[in-house]
Amino acid sequence: MAGIRGHVDPLWARAPVALLRFPGLLAAVSLGSLLLALAAAAGPLFVSSTANAALEDELDGYTVYGAGVSLLQGSISLEKPGGDDVRARIERTTAALDEALADVPTLRPSVTSVVGPVVSPSATPTLAAVRPVRLVAREGALAHVTPIAGHTGEGVWLADDAARGLGLRPGDQVFLRYRNAPVRTNVDGIYRALWKEAPTAYWRTLAGLIYVRNPDAGPPPTFVLADANLVVSLSERLRGEFVDVRRDWPLATTRLTLEDAEPVGAALERFHAATQDSQSAVARALRCAGCPTGLFGERIEYASQLPSAIETTRATVASLRGPIDLVSLAAVLVALAVLTTSAAFALAGRSVETGFLVAHGFGPGSIGTRMALEAALPAVAGAATGLGVAVVVVTVLGPGPLAAGAVREAAGTAAVALPAAVALVGLVAAGFFMRALPRRPSPRPGLLRRVPWETAVLAAAGYALWRVRTNGGLDAAAGDTARPSWPVLAFPLLFIAGGAGIAARLLSRLLALLRAVDLGWGALFLAIRRLAAGGELVAILVTACALAAGTAVYARAVVRSLEATTDAKARLFVGSDVQGFTSANREIPRGFPFPATIVTKLEGAAIGNVSVDVLAIEPESLAETVYWDGSWSDRPLGDLLSGLKTTASGRLSVVAAGNVPAGDLLDLQGTELRIRRTGEAEAFPGMSLDRPLVVADRRALARAVEQAGTPDPVSAGRGETQVWARGDARRVIAALEATTVRPFPVVTADEVRANPAIRSVTQTFRFLGALGLAAALAALVGTLLYAQARHRARVVSFALARRMGLSAGTHRLANGLELAWMLVAGTALGSLLALAAARLVLPELDAPVRLPSGPLFRAPWPFAAAAAATALLTAAAAGAAGHALVRRANLAKVLRADE
């Protein structure tokens, strides 16, 4: 609006900085914009962080060697076709391949291995009856073995078991035999055999030549380590026909973001295609003119797990994107509501200004536009701060690193949210203007206006719960990865909001009844009167606190319960931390450094018409080894197992786990055994998730079948014998490999827990919990703005209270009690409703396979108690601060300004 003599109206000229005179509204707009930008930006940032964490997990499992490039050039002829020296050809081909991969980022220089024939070693020229060994060269190999004796030289290094069998020491000579007279070479050193060591990334691509695949067989031929020239020379002198050459280009690190890994994966795919294109420079470098062709010709094998890791991560992103976007949208709506409420509270203090503008003919459009202009700069500052907070919080607390592209996407979403915040403030201002206009008396409210809004919210919550119970709590996403469905995320928000709203209304009515009751305590009496006077405003703030706290508690309860359930599933399946298959006659050696036990599972058993499994155990060692959850039985595990050694009337004592039918006759692979149940459990380690389990003492079972006149099925190998061990998986596996147990294959609980479906669900609820904490901040600010909006009433109340003889301490305590009611009551309501919602939803999240006993519920009581304590301390601090402001206020000035 133009002013006199062409000057800009000062109301418009000062609009960009006008909010400096209204710190409450300035704080409301700034914080509301911060929360809005935080909610909008957190989604893409969290998805990026989770995706990058998932990629790191995948790459850590594959190691830098498995995720890099491995190219096997197999069966390279030693016949020197065309006079071409084999060693020169290997070096020339390596140089050409290095050049082809030189521009691929994050790849380290190649590591070349030359694998020669399996030969027979001896300490003398005569043939000795010892295990064979294999000629192997690998760049840097001596830095990746455990040396026992010796020094670097021009000879070979032998594994300790081979050297011990031959009686050789460093400095001796060893004779190698293949197809002709033995070839002699020097022994430079002795190292610990690789099959005795824990697997490492460096030896990953040769692991098939190192580790045993059959527990009943000995280890594969150990390596005779030498440099590549010596391995080729010895192979030629032994008249070997071929050598294999493997070149590995490991990644520089497994700490890659998806944004960084995708171009690397694309480059490796192009390299792979070049190895298969006969016209490419890579294929020409690999080709050997004049070499044998056909069935026994050279072969090229390419391997890289990076594309697989990228695809798995993309599936994780696809499973997260929908739920995270839904939660982000809900958070944006909550932030908009907070901004609306906060602006409304703060604008209430400008009633004098609004009346002045109405009297001078201003319309709602100009008022709203000017207010939006006033809010622009605080909104920009708040949105920028919100984006920064989102980046910092996800960087520090997120599961993985952030990619630059995700930060740019988050900045774009925050920029889109900014105009919405400014426009919303303008609309709220226009609404306040409309309220200041003279109105005609409104007719009697209709039925719809008398129905509480909570009714519709609870009806929507009921519909969401019905959808969850009907269709389950998980949806299939890309790659068949489960993700939380929208009703699972919507139900708790609706249920907490509706339930807290109803409870807050009831509490407000209770306060209204207590308002006239003399409770005999001045501070409590004053606080109750203030809360009762607040009416719907107090109820709304209690509901907001409940929704914020409840969202965080619900997410925490679901995540803790899912993690406990997943851990229970993994350990139920594995039995303990490590499970491996072995032979029936194996025993845990004395002095084994970890708790371990041998069990045998027998199938083909039945009680009545129901198929069951039989688990033969050693009770003493099993009790020390397995994972056990107390909810699986009403008796401790030790009591259950102790009953297995008792006998009565020739019956086999057993523990029944799962839905074992009634009956005392067990048909075990055609042998009928009388059984006596000494205990029952809903679940038991090693139990199949689709069949009940009967647990028996291994020795007692052997005696029972012997008395029945049939062979012991355990000793006869008619079951699956497994070793279970508890402890750090890597150390346990290494220790088992060094014994005669030598399990294969080996499964760990960590591997079972690493389920993309579980990761998707838990990460989504973690994100929901983080936004719940942000909403808690919003509710706190709303409460503080409520206190500011009632500042005038507090000043007047304090003045009257002092005249009536009430002390300043009583007034300060009343302030704290008033705020504590809203914050603590809201936190308690939200926590209780959240726990109820989590119990209702959790059974539908017990996937992809269910525990026989159902999901384990873990209530986050410490978290809820901490939230309530924080609310109480905040109320005390805010009450004291508010009291200090009231004491310093000038009563006459407040009354004149109507503030």
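Select helices α13 and α14 (residues 486-514) in this predicted model. Their axes come within 8 Å of each other and cross at roughly 150°. An angle over 145 degrees counts as roughly antiparallel, so α13 is roughly antiparallel to α14. The crossing of α13 and α14 is left-handed.

Show the side chains where the two helices touch. On α13, the contact is made by W453, E454, V457, L458, A460, A461, Y463, A464, L465, R467 and V468. On α14, the contact residues are W486, P487, V488, F491, L494, F495, A497, G498, G499, G501, I502 and R505.

Now hide α14 and keep α13, which covers residues 453-471. Helix α13 has 19 residues, and from its first C-alpha to its last it reaches 27 Å, close to the 27 Å expected at 1.5 Å a residue.

Which residues of α13 are buried? Select E454, V457, A461, A464, L465 and V468. Turn the view to look down the axis of α13: its buried residues fall within an arc of 100°, so they line one face of the helix. As a general point, an α-helix has 3.6 residues a turn, so residues three or four places apart point the same way.

With the buried residues of α13 marked, compare the list with the contact to α14. E454, V457, A461, A464, L465 and V468 are buried, and these residues also take part in the contact with α14.

Rotate to the face of α13 turned away from its buried side. Here you find the exposed residues A456, A459 and W466. Then step past the end of the helix to G472, which follows α13 and has a positive phi, near 85°.

Next, go to T257. Where does T257 lie? Its place is in the loop between β9 (242-249) and α6 (258-276). T257 has a relative accessible area of 10%, and because buried means under 20%, T257 is buried. Leaving aside neighbours within four places in sequence, T257 is in contact with N52, L55, P401, L402 and A403. Select those five residues together with T257 to see the contacts.

From T257, move on to α6. Helix α6 has 19 residues and reaches 27 Å from its first C-alpha to its last, close to the 27 Å expected at 1.5 Å a residue. Colour the buried residues of α6: L258, A261, V264, G265, A267, L268, F271, A274 and T275.

Helix α8 (residues 306-347) is the next stop. Two threonines to pick out here are T312 and T340.

Start with T312. Is T312 buried or partly exposed? With a relative accessible area of 22%, T312 is partly exposed. Add A51 to the selection: the C-alpha atoms of T312 and A51 are separated by 9.5 Å, although the two residues are 261 residues apart along the chain.

Then select T340 in the same way. T340 counts as partly exposed, at 29% relative accessibility. Leaving aside its neighbours within four places in sequence, T340 is in contact with L424 and V428. Also add A421, which is 81 residues from T340 along the chain; their C-alpha atoms are separated by 9.0 Å.

Finally, show the whole chain. The chain has 26 helices and 21 strands. Of its 899 residues, 51% count as buried. How many of the contacts between residues at least 6 apart in sequence join residues at least 24 apart? In this chain the share is 81%.

Notes. Residues numbered from 1 in each chain as written. Predicted model: local features only at pLDDT ≥ 70, side-chain atom pairs only at ≥ 80, totals over all residues. Heavy atoms only, no water. Helix = DSSP H or I, 4+ residues; strand = E, 2+ residues; numbered from the N terminus. Buried < 20%, exposed > 50% of the residue type's maximum accessible area, 1.4 Å probe, protein only. Expected span 1.5 Å × (residues − 1). Arc of directions from axis to C-beta. Axes fitted to C-alpha atoms, helices over the stretch in contact; angles between N-to-C directions. Parallel < 35°, antiparallel > 145°, perpendicular 65-115°, else oblique. Left-handed = near helix turned anticlockwise from the far one by under 90°. Contact = heavy atoms within 4.5 Å.
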